[in-house]
Each structure stands twice: as C-alpha cells, then as structure tokens.
Amino acid sequence: MIEKKWWGDYEKIKFPHIVASQQFERQQLETLFKLTAKIEDVLEKERMVNWLYGNIVTLMFWQPSTRTFSSFAAASVRLGASIIPILDAGKFSSHAKGESLQDTAIVMSGRWKSDLIVVRHPEIGSARSMAKYSRCPLFNGGDGPGQHPTQALLDLYTIQKEYGKIDGLKIAMVGDLLYSRTVRSLCYLLSKFDGVKIFFVSPESIRMKDDIKEHLTENKIDWKECTDLKEVAPKVSVIYQTRIQKEYFSDIKEYEEVRGIYIINNNIIKLLKDDGIIMHPLPRIDEIAYEVDKSPNARYFEQADNGDVVRMALLLVALNPTKAEELMAMPLDKAA
Amino acid sequence: MIEKKWWGDYEKIKFPHIVASQQFERQQLETLFKLTAKIEDVLEKERMVNWLYGNIVTLMFWQPSTRTFSSFAAASVRLGASIIPILDAGKFSSHAKGESLQDTAIVMSGRWKSDLIVVRHPEIGSARSMAKYSRCPLFNGGDGPGQHPTQALLDLYTIQKEYGKIDGLKIAMVGDLLYSRTVRSLCYLLSKFDGVKIFFVSPESIRMKDDIKEHLTENKIDWKECTDLKEVAPKVSVIYQTRIQKEYFSDIKEYEEVRGIYIINNNIIKLLKDDGIIMHPLPRIDEIAYEVDKSPNARYFEQADNGDVVRMALLLVALNPTKAEELMAMPLDKAA
Amino acid sequence: MIEKKWWGDYEKIKFPHIVASQQFERQQLETLFKLTAKIEDVLEKERMVNWLYGNIVTLMFWQPSTRTFSSFAAASVRLGASIIPILDAGKFSSHAKGESLQDTAIVMSGRWKSDLIVVRHPEIGSARSMAKYSRCPLFNGGDGPGQHPTQALLDLYTIQKEYGKIDGLKIAMVGDLLYSRTVRSLCYLLSKFDGVKIFFVSPESIRMKDDIKEHLTENKIDWKECTDLKEVAPKVSVIYQTRIQKEYFSDIKEYEEVRGIYIINNNIIKLLKDDGIIMHPLPRIDEIAYEVDKSPNARYFEQADNGDVVRMALLLVALNPTKAEELMAMPLDKAA
C-alpha cells in the first residue's frame, strides 16, 4: 500500500523529499517499479494524462544537465503538471547575489509557487540542506559528486525490467568508479537485494572508495575488484559502463591515461552471455563504440527512456498518492 | 468597478501596461487588493483555475531574477495561462545583435505570439520604451535602478493585509535607501494614503534621494531621516529592511563599511511593538539574522508569497477583466 | 491531400523532418500556405486550440535566437502542445561534455520525452545529422550559415499572402547576399515557381555565391546582379532587405565599409510601385530607417507574425495530419 510519506521517516522529513538513494527500502523499490510499469502501460495508449493537473513543478538547475532537466520536464508534463524551468540558476538566481540555499528553498517552495521542486546543484549536500527548509516536496536531481537518486532508480528499474528480478544477479561496474555518482548510488540500491555480486572493473587510480565497499560488505553483498574487463564480461548479466569524467581531473595527463582503457566494442559483446546487457548513464564519449548501438545487448538508450517513467512514478506518489494507489490496485492491462 | 484600462490614461497608453508604481491611484490600489484577497481565497481551495486559458505570457528577462521570474510564471500558470520563458535575454535575444528595444517590443508582442509580456531589463526606462511600442500589455518586472512596480504593490499589499489599512501607519525604511528600487517605489505608493509617517534609517552615504523626499512632502506625507534603528524600532508598525547591494558600489571598501550596520536580530525584535512586523524584499544576505525567521514578527517570506497573488490580480485585470469584475461582485467566501 | 510524410521521400526520411527548404515541392508549398491561412482564420476567433494536446515539443537552442525560439514556442502552445525549453544548449547540454549530436538526438527524441524537436545549432549540417538519428520529427530552426527552412517558408508565405501568387513576380534581394542564410533559402523556394525574376543588389564583396545562381539558372529563374538599389526599386514587387551580419566579418573595417550602403528610407519608398512591399528577416539595425515603419509598404513586422502561423501549419501536419486534412476540407469561413 502506498502512503503519502511511504519512503518512511528518512531524517524525520515532513514532505516526501527525495534526497539520497539510500532512503528507499526494498519493498518501496518494488512498489515503485510496479507503479512505473503501470504508468508505462497507460502512456503506451495515451500520450498525456491529467493526474497532476493543478501542480507546478519548478526545475532549478545550477549545473548543466539537458538530460535530467528534460526528463523531469517531460515526466511532469506527461502527467499533466506545469513546469517552471530555471536553467543556469547558478548565474541567474538570488543565490548568485549571496542568498543562502535555505532562503532560496523557503521562497521557491512558496505557498502559490511550487508544488514540487527539482534541484540540481554542484555542491554535495545542497539538496539535503534545501529539503530541510522547503515547504513542498523537493527532489535531488544530482548534487555534484554526491547523489543522483533518480538516476540510480532508473538504472535499477532497467535491470529489473530486463530480468524480472534483482536478486542473484552478477553486475560489473566499469570505468570511473571513484568519481561516478551514478555507480555509487546504484551500489546503495543493490545492497538492499539478496545474492547480488558486483565486479568493480577499473584502473587503480579511479577505484571505488572504501565507504561503498564497506557498505556492501555490511549488507552481505559480494564484491570483487579487478582490472580485466574481458575476464569479467562472460560472467555477468549487466555491464554498467561509465564515462571517465574529464571535469573531475585536475591532471589532464592522468585523464588521458585512464580514458579509453575499457572501451566496449563488438569484441566485448561477443564475450557476453546471450542475455547480458550493456548499460551506461550517458552521455558517452567513446567508451562504448558506436557499432554496439545496433547490438541486441545494448540497453543504454532504453535506460535513458526508462528514466522518464520512473520519474513519473515518483512525481505521482509525491503529488497524487491517491491516483498512484488506484493504479496499483488495477490489473496491469486495465490500468488505462 | 473594473474597466479594461482601469489604471487610467497613464501617458495615453493603449494597453493596460504596468510601468511605474506611480500610475496607480489610491482607489485602484484598494480595488486591486480586494481582488487579490478574493483570488487568494479561491486558490486556497483549488490549486489552479482556467481564467486565463488561451493566453500566452512571455517572460523576457535580461537581468537575473529567479524570484520575480518564478513569481510571474507561477501567477500565470495558476490562472491557466501558458508561459514562454526567456531567461538571459541579454545574451540570447536579437537585441544582442544590435536590435532596438522598440523592434524587440513590436516583434515579441506579435499577433499570435504574446498576450502579455513581462520585461526585466537593467536600464532605467527600458520598460517604458518597450510599452510604447508593444502590441499587447507589458508589465515592468524591474528596470535596473528604476522601478519595480509589482514589488511595490506586493509590499503595500503585505502591509494592508496585516493592518487592514495603510492610513496612519508609521513605517521605517532601513539600509540602502539610495540604490533600493523597492524602497523608492513603495514611497510613491505610500504617498497616496493619509497620515502615513516614514522614517528613513540609513548611513549618510546611502540616504534617500531628494526627489522622493520632495514627492512625499508635496503629498503631505511626514518623513524623517535618522541613523539609529534602536530609537525608531519601538515607534513603527513596519520595519522595511533592505539589502546593501554590492553590485551598485564601485568602491568595495565603502560597501564593506556600510553593510551590516543595521542588522535586525532578536535584540531589535524585542524593541518592536507587539504587532510590529519585519519586511524585506529579499534576497537577504545577513541584514536579518536567521534567528528572526521564527519570530512572530517576521513577514518577509509571507511577503514573497503575497507577490504571486498580487501578480495574479494584475494579470487577471489585464487579460480577463470580466472575470475580475465577476470575482469582485461575489461575497468573499463564495468567490470559489 | 495531406499524407503523414507529405514532403516526400527526402533522403528516405522515416519521419516528417524539416531540414532544408529544398525538400518542399511546389504543390506542398501551396497546400501548406492554404493550411496556414485556415489556421490563421481559426485563431482570429479562438486564441488557443487543443489540436496538439498530448504532444511535447522540445526546443533545443545552441545559438541565440529569441525570435525563432518564441515563434516555435507560441506556435506549439497555441495549438495545445506543451514545450520543453532548452536555451543555451551549447553550454548546458551533454553535448558540452563531449557527447555526439547523434546521441543527443537519440536521447532527446526518447519514447516519452519529445514528440517533436526543434533544433538551432551553429554548425552547417547539424540538423541533418540529428534528423538521421531522431526517433521523432525534427525541425531545423537554423543551422548556422546553412539553412533556416521555416524562415524561408514564412518569407514565401508573406509574398503569397500579399500577391495571391508567386509566379511572375519580380523580387530584389538586398545587402548581405554572401552570408545571409535567409536569402539563400528563399532562392531555393522561389526556384520552384514560374516566371520569377530576382535582382541581387549588393556590394561586390558580399555577392551571392555561384551555387545559388547556378541553381536558379538550372530552374529557369531569371536573375541579375546589380549594385544600384534606386534603379531596381521601381521595377520590383518585393524588396527583401537583409542585415549586414557583423558576426561573419573577421575584418571590422570591411564590415564598416559595406554596412549602411543600402539603407531603405522614405526616398526609396517613393521609388517603389504602389503595391511594392519591403520585407526583412529581422533583426534590423539601421538598414531600414525607422521612418519606414509607418509606410503602407512596410511588411517586415507582419512577416514576423506570419512565421508563427506557418510554423503552426508545419507542426500540425507533423503531429496531427488528420486534423490538418480536416481543416483543408472545410471552406475557409467555416474552419473554426
């Protein structure tokens, strides 16, 4: 059953904020994914519904992200909400005049202004600080190298949709494990499931940090570090590839050294299990060869598409939980 | 009674433009505030209405202002209008290629394009110039150090809502009186009422200009300049605090000297009358201590909220005067 | 009759993309302009219709253009579509992180994201590259010095609306013929008609390129190069004036020399035929004197207005061809 604050008592939140991927319990994730599938089913038949009519979703983006921005925008609009788009908030907002994030949160969540705010901000913890003061639900759309919980949810949903389960799967995380926010968040979510095994495949200089490894161990998730993608490829159901993010390297030489080591091309695809899939949070540069796009194992574009529907499910629970419950109660093929 | 061009024959305007706070007569202000209260009453029950369906409100912002932008956006959308958001117009618009504001106004107010334009521009007089050529109503959302009439209206509405009247109130304006557009505009509006007394509390270097003081005197508004906030605080119903705006100081040393002199903290709150209120146009930096946020005397966040509804009232009169009149004719509790 | 892919088999397109003005056949242009007139007729009576309800139009602009942006936005919204506005995509998009246009196109045209994408990008060929991979119709909103097909269509529609025909008209193109994208595109369109005569009036340094002149000759369009506007003015039905675009000159001295040579003022107006009209793609700087604005021969602002309705017609054919056909089948005065 869906309750208005169904993601629980996370830091005694007053509203159904989404700040970190850890805040979701396994059962909530399962409910969320069932809801997502139902919404997807409805939208196959209708391009837009009015379930969120009357709601304003304000998109405050301090940091570039066409992908996350347009995904939240589309998710809002397809469910009937209106959006207030604020791109480039870093330069444009009152925060630029020296206002605290606290004040920005209070004002932007004003009585008549926003029914929900999506925030993307370059500083770790910014979304959490704002959520504390927001007068409406606030979703973290990425706080720098910190968290990007909705990305983690769409990643997990993509795996769930493919295999019908998460338990017992073997998953390789490849490339930039030190700086990749998406890999970190996905690990937190995977730790809620049973019998998962994770392979961390990366150069030594950008290995996964200890905190995640310890978290996995504590939650009885088997993990292994290795450097040879060819050895790992045949063993896993999912290869989660990442971009080596230039913007986090101060030393350009080091960047050049590590990028391109783990390029996925058709030679890697041949090593995969028949039902193995390639995922990537995108944008890619050259870490997946274009020849892979046509492979039946490629899932990265579907993964991006899934993000729109997962975000719809989250918006629906936050803004119209009654409709969400109604959908859950219907058999899948009658959801429309 | 509301007429389509109810703010009169201001510079023989063809459309109900809003250019300067002076253009409103006392009776119009009173009508506007009654309408605002009715709209507020309706929106308590419904989150969105369709009174402006069919209208496009174009938001052309040359200058950063998340607050004003999102307020006009929310006001438009809650009444059922659609918005075309143009942030960063300075860099982005044809004006950047050398087009005159006159041509920009003619094109942006095109037959099918905008039903109303909100303009924010860094140059004094820019809104007035554009209004002259606009083919639809144009609202000034702030023209640099010039005017910001909707801010002045929301300030006045906040006072009216608190005390049920403006006549006879004592009001302190504190801080940056030289450069603060909002204080100047508010003074123009207060000069339409009777028995108001204004205290200008500021360092000498940023005192109120003579034009406003002369205007007040001509309109029989009592005013006094002083430097000691503690002396003034117990005497007034409203303290209107301002931010010392760094961007207007060429000499950083002078800025550092004057900022922070009139910080409002709980010591000032203790000196206030029981029903005295603290207002601030926001954003604040440190001129109101955070401890004041929880005081029953703080009104600055409500003030920001009020802006959304006041702007709704203005949009409604400009774009659907029939509905505005209909609302005015209904008893308050039946407005919905 | 309108078919879903009624602009034919242009490069074996899967979707009704609009990439270049050449792709339209004469008959399609005539159909499009009849449809445009019908839409105009409906919108005279209603300010908004719901024909595109359920559709999301994503506006991805890498290059400044308030005019094209707001025109597509208004066209979408007036027909009932929702917009996702992405201005400043150059800095803001994943493309800025090194993503290929190909990937951007695939993701932005995602299953739930966009029903149609409008792209403005500074590189020639960018729209064509993206259209190849887009999973929904994509409209070229200008690809640098390349094409700007919807501008060309609105230019042609303005002439058609004025004279009820294109065949047999004499048209002068004036000013920057070397760099002007709009002039080039308009020439391609004019070449589909019979008996048109074009006068290219420009300084030698910015004359029309050979490719267009050859294209015209191949299509039996009469053209002539000359330098004296006064000699040409009395002979033509249309003077199409252009801005000398500073941004394409590396040598500022050369720019200063050529600009301002062909200013249209009331002295030129006096030389015109009675029914001769002045057009301009806008923005103008000083190449048309302001005194001309009041002349009955000025059409440049109507021309800009026409752009909104022509774009509506294109959107309608791409997203709701059934409604487009329905409109076409009705007599003009019953279209509403």
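Q: How many salt bridges are counted between chain A and chain C?
A: A friendly note to start: this is a predicted model. Side chains of opposite charge can pair when their charged atoms come close. Between chain A and chain C, the salt bridges found come to a count of 8.

Q: Which residue of chain A forms a salt bridge with Asp115(C)?
A: Asp115(C) has a salt-bridge partner across the boundary between the two chains, in chain A. The closest N and O atoms of the pair are 2.5 Å apart, within the 4 Å allowed for a salt bridge. The partner of Asp115(C) is Arg47(A).

Q: Which three residues supply 19% of the area that chain A buries against chain C?
A: Let's begin with the contact itself: 38 residues of chain A touch 32 residues of chain C. Together the two chains bury about 3,000 Å², with 56% of that on carbon and sulfur atoms. More than any other three residues, the ones that contribute this 19% on the side of chain A are Met48(A), Thr66(A) and Asp305(A).

Q: What relation links chain A and chain C?
A: Two copies of a chain are related by a rotation about an axis and a shift along it. Here a turn of 120° with a shift of 0.0 Å along the axis lays chain A on chain C, at an RMSD of 0.0 Å. This is therefore the relation of a three-fold axis.

Q: Which residue of chain A comes closest to the rotation axis?
A: A turn of 120° also lays chain C on chain B, with an RMSD of 0.0 Å. In chain C, Pro85(C) comes closest to the axis, at 4.4 Å for its C-alpha. In chain A the C-alpha that comes closest is likewise at 4.4 Å, and the residue is Pro85(A).

Q: What percentage of the interface residues of chain A are also interface residues in chain C?
A: The copies meet through different surfaces, because few interface positions are shared by chain A and chain C. For chain C and chain B the share is only 11%, so there too the copies meet through different surfaces. For chain A and chain C the share is only 11%.

Q: How many residues apart in sequence are Arg26(A) and Asp194(A)?
A: Over all chains, the structure has 66 salt bridges. One of them joins the side chains of Arg26(A) and Asp194(A), at 3.5 Å from N to O. Arg26(A) is in helix H1 of chain A, while Asp194(A) is in the loop between helix H7 and strand S6, so the pair ties together parts whose separation in sequence is 168 residues.

Q: Is Arg284(A) buried or exposed?
A: Arg284(A) forms a salt bridge with Asp293(A), at 2.6 Å from N to O. Buried means under 20% relative accessible area. Because its relative accessibility is 0%, Arg284(A) counts as buried.

Q: Which residue of helix H1 in chain B is separated from Arg26(B) by about one helical turn?
A: Arg26(B) forms a salt bridge whose closest N and O atoms are 3.0 Å apart. Arg26(B) counts as partly exposed at 24% relative accessibility, and its partner counts as partly exposed at 30%. Because the partner is 4 residues away in helix H1, about one helical turn separates Arg26(B) from Glu30(B).

Q: Which residues do salt bridges that share partners join with Arg26(A) into one network?
A: Arg26(A) is partly exposed, with a relative accessible area of 24%. Salt bridges with shared partners bring Arg26(A) into one network with Glu30(A), Asp167(A) and Asp194(A).

Q: How many residues apart are Phe33(A) and Tyr157(A)?
A: Over all chains there are 15 aromatic pairs. Phe33(A) and Tyr157(A) make a tilted one, 5.4 Å from centre to centre with 50° between the planes. Phe33(A) is in helix H1 and Tyr157(A) in helix H6 of chain A, and this link between distant parts of the chain spans 124 residues.

Q: Is Phe33(A) buried or exposed?
A: The ring partner Tyr157(A) has 3% relative accessibility and counts as buried. Phe33(A) is at 5% relative accessibility, so Phe33(A) counts as buried.

Q: Over the face of which residue does Arg311(B) lie?
A: In chain C, the charged end of Arg311(C) sits over the ring of Phe72(C), 4.9 Å from its centre. In chain B, Arg311(B) lies 4.9 Å from the ring centre of Phe72(B).

Notes:
Residues numbered from 1 in each chain as written. Chains lettered and ligands numbered in written order. Predicted model: local features only at pLDDT ≥ 70, side-chain atom pairs only at ≥ 80, totals over all residues. Heavy atoms only, no water. Phe/Tyr/Trp six-rings, centres within 6.5 Å; stacked < 30°, edge-to-face > 60°. Helix = DSSP H or I, 4+ residues; strand = E, 2+ residues; numbered from the N terminus. Buried < 20%, exposed > 50% of the residue type's maximum accessible area, 1.4 Å probe, protein only. Lys NZ or Arg CZ within 6 Å of the ring centre and 35° of its normal. Least-squares fit on C-alpha atoms with pLDDT ≥ 70 in both. Contact = heavy atoms within 4.5 Å. Buried area = accessible area lost by both parts, 1.4 Å probe.
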